[in-house]
Amino acid sequence: MTTPQQPPFPPHDPRRGAGTGHGDGRETGPASPGAHGTGAGGHGHSHAHSHGPAAPVSRHLRKVIAAVLIPFAAAVLVGLAVLWPGGAPPHERTGVGFDRQTQQGTVTKVVELSCQSVNASGVPPTGDTSTAEGSSAVQQANGECKRATIRVDSGKDKGRTFDEIVQPDQSRQLSEGQKVVVAYEPSAPEDLQYSVTDINRRVPMALLAGIFALAVVVVGRLRGLMALISLAVSFLLLNFFILPAILQGSNPLLVAVIGSSAIMLIALYLCHGLSARTSVAVLGTLISLVLIGVLGSLFIGWAALTGNTDDNTGLIHGLYPTIDMSGLLLAGVIIGSLGVLDDVTVTQTSAVWELHEANPTLGRRGLYRAGIRIGRDHIASVVNTLVLAYAGAALPLLLLFSIAQSGVGTVANSELVAEEIVRTLVGSIGLVASVPVTTALAALVVSADRPADRPAAQPTGAAPARGGRGRRRKR
């Protein structure tokens, strides 16, 4: 005899036997002979105690899902093969911005000296410190400067040294023993060919990445390891397919769609397993990405956003004028939305599956209503996260507009800010739409299960699970 507990038992189904309990293999009370008996009641808890994991959905539905996803995966593979670039095209370096030759270096000595001795040819300061230029001139005339000696540690001039003067008002100050990145300009005079362009941050960045990987593996265990592997695959696809293919002149939107789809398939199936649950999340993500692509294309064109808004995009356009910069902007919107979409669709699918496990009597409407209530909380947090992420990235730009005392309308109308607004809103619309779409797909699939198609019950007389607890099924 079992003690009735929530969730309620499903109505009697002659196909499942008289002793069928919860579909997830959990018992509701002390075991009794009737629970694991033979004959008509011998199917009790058959799914929990079978030697293999039970199928989460019917064979028919698995065939339907496969009929949709297998052609999609094949199309992605064909797209990767056709558009695979084979490396970024070469170009002659301009020596501007990121397009400079760089080497590694070390600061070997730092000596303090008077700024007057190194700025003797400069314009004498007027003493007016009310402006940034005047304050800088006074500091350079009366302050203490530094002469740093830097040794080149890589390249054909390894071991060569050069001096650089560090002004007191520079944001980047150098210290002895510090690792730096030096820029090399072969066409300049010999004593001016090298200059410090940045600090070498490889050690702290590598240490932080190691701490992150360790935390993910310790907490997530095998799932965490799979997540790290999928992250590595995503970076490989980004560096060896998406970026070089765009530089080769392929359509940025097409490249982003194919690359994002490949990342989505690999990441979701690698992290969550090859199952119907994961397949539903893939379908929900795919539909949402299509919506984001359509809306992004429409509003980027309508708002006349060029995608060429700063020095970096200007340099890209100058080096590769055939690249469609507005298409590149749209590709960024799609790729940027993918990571958050995966989180939403997987969460919603899992929620619907667990609701069905907890109460198998719920139909598709009941599952959808319960799942969408969970999704509403998810929508509020995810949209806020996305907006704040973009606002944080554009914070210096927003500060400049605030300093200039520009109105909200003027700020929003500028192309720099309008790009971020369109990016944020289009991505947020896709995220919001993914919740009802994925919830409806999951409810439809899990409620359409056909128990008759499932594997046969365990043979009569099988031993019960230890401790009255069934094995967890693979979903």
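Two strands count as paired when DSSP finds at least two bridges between them. With that in mind, the sheet of this predicted model is a good place to begin. Five strands make up an open sheet, and reading across it gives the order S3-S2-S1-S4-S5, with antiparallel pairing. At the edges lie strand S3, residues 161-166, and strand S5, residues 194-199, each of which has a pairing partner on one side only. From one strand to the next, the twist averages 45°.

Each edge can be followed in turn. On the S3 side, the neighbour is strand S2, which spans residues 144-152; S2 and S3 run antiparallel and share six bridges. Within this pairing, arginine 151 has threonine 161 of S3 as its bridge partner. Threonine 161 is also a helpful residue for telling the two faces of S3 apart: together with Asp163 and Ile165, Thr161 belongs to the uncovered face. The covered face of S3 is made of Phe162, Glu164 and Val166.

On the other side of the sheet, S5 pairs with strand S4, residues 179-184, again in the antiparallel sense, over five bridges. Here alanine 183 is matched with serine 195 of S5 as its bridge partner.

Attention now turns to the helices. A nonpolar patch on the surface is formed by Val217, Leu222, Leu225, Ile229, Ile266 and Leu270, which together have about 450 Å² of accessible area. Two elements give two or more residues to this patch, namely helix H5, residues 202-247, and helix H6, residues 252-272. The greatest share comes from H5, which gives four residues. One residue of the patch, valine 217, lies in helix H5. Is valine 217 buried, partly exposed or exposed? Its relative accessible area is 33%, so valine 217 is partly exposed, given that this class lies between the 20% limit for buried residues and the 50% limit for exposed ones. A patch residue needs over 30% relative accessible area, and valine 217, at 33%, has that.

Beyond H6, the chain reaches a loop that leads to helix H7, residues 276-302, and serine 275 lies in this loop. Serine 275 is buried, because its relative accessible area is 10% and the class of buried residues takes in values under 20%. The side chain of serine 275 also has a partner: a polar contact of 3.2 Å joins it to the side chain of threonine 278.

Technical notes. Residues are numbered from 1 along each chain as its sequence is written. This is a predicted model: local features need pLDDT of at least 70, side-chain atom pairs count only at pLDDT 80 or more; totals for chains, interfaces and linings use all residues. Side-chain values use heavy atoms; hydrogens and water are left out. Patches are made of residues with over 30% relative accessible area and no salt bridge: like charges are joined within 9 Å, nonpolar side chains (Val, Leu, Ile, Met, Phe, Trp, Tyr) within 5 Å. Accessible areas come from the Shrake-Rupley method with a 1.4 Å probe; for residues, only the protein chains shown count as cover. A salt bridge is a side-chain nitrogen of Lys or Arg within 4 Å of a carboxyl oxygen of Asp or Glu. Buried means under 20% relative accessible area, exposed over 50%, partly exposed in between (1.4 Å probe, protein chains only). Axes are lines fitted to C-alpha atoms, for helices over the stretch in contact, and angles run from 0 to 180 degrees between N-to-C directions. A polar contact is a pair of N or O atoms within 3.5 Å; within protein, one must be able to donate a hydrogen and the other to accept it, and residues adjacent in sequence count only if both atoms are side-chain atoms.
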